[in-house]
Amino acid sequence: MARLLLLFLSVIAVISTAAIAQVEDEEPEMALLPTGEGREDVFYLCSACHSIKTVVQQRLSRDVWDETLDWMVEEQGMPELDEEDRQQILEYLSTYVSPDK
Ligand code: HEC
């Protein structure tokens with residue numbers, strides 16, 4: 001009985017280690033974005049089309065991020081955001097991906 005339990009526990013351990021490794025493999029670029037409110041929104045939205053490196057290598061002011069979001073929507077085919085999401089994303093970018101970071 002104890003052996004069965006041990007076997008069971010090691011199977012669980014292997015499965016959960018594999019699951020964690022897979023999440024990190026799929027989303028290594030998440031680490032490029034500093035932790036903050038809106039981080040996941042930015043990650044999923046912006047990485048749908050290009051690397052997060054494309055985003056973080058820019059160090060833009062709020063105004064320029066504002067224009068960049070419009071440009072992504074108008075010229076690059078990014079889906080239009082509702083006002084609340086747009087504000088949060090703009091807030092995130094101008095806080096964490098700004099010239100003085
Ligand atoms: C539907 C696709 C799409 C989505 C979604 C998207 N982009 Fe882009 N983005 C592009 C394309 C295509 C380019 C390359 C445009 C070019 O260089 O002509 C680009 C380029 C950029 C650049 C580089 C500009 C430069 O001067 O080189 C930045 C910065 C950028 N995107 C930011 C973002 C951010 C921030 C988001 C998320 C809020 C985002 N993008 C979401 C398609 C997208």
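In the predicted model, the side chain of R86 makes a polar contact with the side chain of D70, at 2.7 Å. R86 lies in helix α5 and is buried, because its relative accessible area of 14% falls under the 20% limit applied to that class. Apart from its neighbours within four places in sequence, R86 is in contact with D66, L69, D70 and L81.

Helix α5, which comprises residues 83–96, also packs against α2, the two axes coming within 9 Å and crossing at roughly 100°. Because angles of 65 to 115 degrees count as roughly perpendicular, α2 and α5 are described in that way. The residues that meet across this pair are R39, D41, V42 and L45 on the side of α2, and Q88, I89, Y92 and L93 on the side of α5.

V42 of α2 is in addition among the residues touched by I52, a residue of helix α3. I52 counts as buried, because its relative accessibility is 0%. Beyond the residues up to four places away in sequence, I52 touches E29, L32, L33, V42, F43, C46 and S47. One of these contacts, that with L33, joins positions 19 residues apart in sequence, for which the C-alpha to C-alpha separation is 8.0 Å.

E29, found in the loop between α1 (2–26) and α2, is linked to I52 by a further interaction, in which the side chain of E29 reaches the backbone nitrogen of I52 at 2.7 Å. When residues up to four places away in sequence are not counted, E29 touches F43, S51, I52 and K53.

The iron atom of the ligand is coordinated by H50 through NE2 and by M72 through SD, at 2.0 to 2.2 Å. H50 is placed in the loop between α2 (39–46) and α3 (52–56), whereas M72 belongs to helix α4 (residues 62–76), and the pair, 22 residues apart, thus links distant parts of the chain. Around the iron atom of the ligand, the six donor atoms subtend angles of 84 to 179°, and the arrangement is therefore octahedral. The two coordinating residues fall into separate accessibility classes: H50 counts as partly exposed because its relative accessibility is 28%, while M72, with a relative accessible area of 16%, is buried.

Methods
Residues are numbered from 1 along each chain as its sequence is written. This is a predicted model: local features need pLDDT of at least 70, side-chain atom pairs count only at pLDDT 80 or more; totals for chains, interfaces and linings use all residues. Side-chain values use heavy atoms; hydrogens and water are left out. Donors are N, O and S atoms within 2.8 Å of the metal (3.2 Å for Na, K and Ca); water is not among the atoms, so sites may look incomplete. Four donors count as tetrahedral if all angles lie between 85 and 135 degrees; four count as square planar and six as octahedral if opposite donors are over 155 degrees apart and all others between 65 and 115; anything else is irregular. Helices (H or I, at least four residues) and strands (E, at least two) are DSSP runs, numbered from the N terminus. Buried means under 20% relative accessible area, exposed over 50%, partly exposed in between (1.4 Å probe, protein chains only). A polar contact is a pair of N or O atoms within 3.5 Å; within protein, one must be able to donate a hydrogen and the other to accept it, and residues adjacent in sequence count only if both atoms are side-chain atoms. Contact means heavy atoms within 4.5 Å. Axes are lines fitted to C-alpha atoms, for helices over the stretch in contact, and angles run from 0 to 180 degrees between N-to-C directions. Angles under 35 degrees count as roughly parallel, over 145 as roughly antiparallel, 65 to 115 as roughly perpendicular and the rest as oblique.
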